[in-house]
Amino acid sequence: MIRAHIATYPPRLQMLEQALASIAPQVDQVFLCLNEFAEIPAFLTAFKTVTPWIPDQDLKDVGKFAVEVATDDLVVMADDDLLYHPTHVTTLRRIGEDLGLDRVVVGLHGTIYHPGQGPLIRSRTTFQCDDPLAMSTRVHQLGTGTVLALGRNVAPLDFMMGSQKFVDVRYARWLHQKGLHSFAIQRPEGFVRKIELPGVKVETIFKSFTRHSPDHVLQEIRQFAQVLPTAPGTPA
């Protein structure tokens, strides 16, 4: 099964409808975690392949990891504020299979840390998900809004619990422990686009948390932020 996992909350409702319209046709099933919702929004009935659920607690972005997957599933992690290109999933899958999905995870938004070159959270190179990238490049960490992985390479919920707002870091640590590599894939400009609503400002995890990462998050980063091979396109 090709499945998408998304976590959302009420202020993102207008964005969510657009995001679902772009990703749902590309997968067999969408598992949608509705954090902080009292009931399932009526418009979701129009999406026949979407399975919405309301968790007992606010899982935030950990909700992407809350539904059990089969080892051979293709899992696409998506965000509620992005518009995905019609070939998003097929492109990730093609490049992932070329690199070897048994040992790599692929995505668009990637981060390379540069330990020893100043404060860790500032000493990094980031490939933004909506920017072009000329070559698929090995990174320390992927943003979980644009990831494709085999089910066996998706971290279990018990490992991810407690990582609300820094799931990218926790997932990168799990991949490192498993000896799996992360790649930000080659893509043209505009391959994915951020959804913007005129006159509406929605809080982002980067602004509220990531750029002021507390010590316990930095400690997790240090566990996997080692020097990468010099040949960026090589999974060695």
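A residue is termed buried when its relative accessible area is under 20%. In this predicted model, Phe-224 has a relative accessibility of 4% and therefore counts as buried. Tyr-113, at 3% relative accessibility, likewise counts as buried.

Aromatic contacts were examined next. Four aromatic pairs were counted in the model. In one of them, Phe-43 and Phe-47 meet edge-to-face, with 6.4 Å from centre to centre and 80 degrees between the planes. Both Phe-43 and Phe-47 are buried. The rings of Tyr-113 and Phe-224 also form a pair; their centres lie 6.2 Å apart and their planes stand at 65 degrees, so this pair is edge-to-face. It links distant parts of the chain, since Tyr-113 belongs to strand E7 (residues 110-113) whereas Phe-224 lies in the segment after helix H6 (215-222), and the two are 111 residues apart. In addition, Phe-65, Tyr-171 and Trp-174 make up one aromatic cluster.

Two members of this cluster, Tyr-171 and Trp-174, are among the buried residues of helix H4. Helix H4 spans residues 167-177 and is mostly covered, with eight of its eleven residues buried. The buried set also includes Val-167, Val-169, Ala-172 and Leu-175, together with the arginines Arg-170 and Arg-173. Of these arginines, Arg-170 is placed over the face of Phe-159, at 5.9 Å from the ring centre. After H4 comes Gly-179, which has a positive phi near 75 degrees.

Note on methods: Residues numbered from 1 in each chain as written. Predicted model: local features only at pLDDT ≥ 70, side-chain atom pairs only at ≥ 80, totals over all residues. Heavy atoms only, no water. Buried < 20%, exposed > 50% of the residue type's maximum accessible area, 1.4 Å probe, protein only. Helix = DSSP H or I, 4+ residues; strand = E, 2+ residues; numbered from the N terminus. Phe/Tyr/Trp six-rings, centres within 6.5 Å; stacked < 30°, edge-to-face > 60°. Lys NZ or Arg CZ within 6 Å of the ring centre and 35° of its normal.
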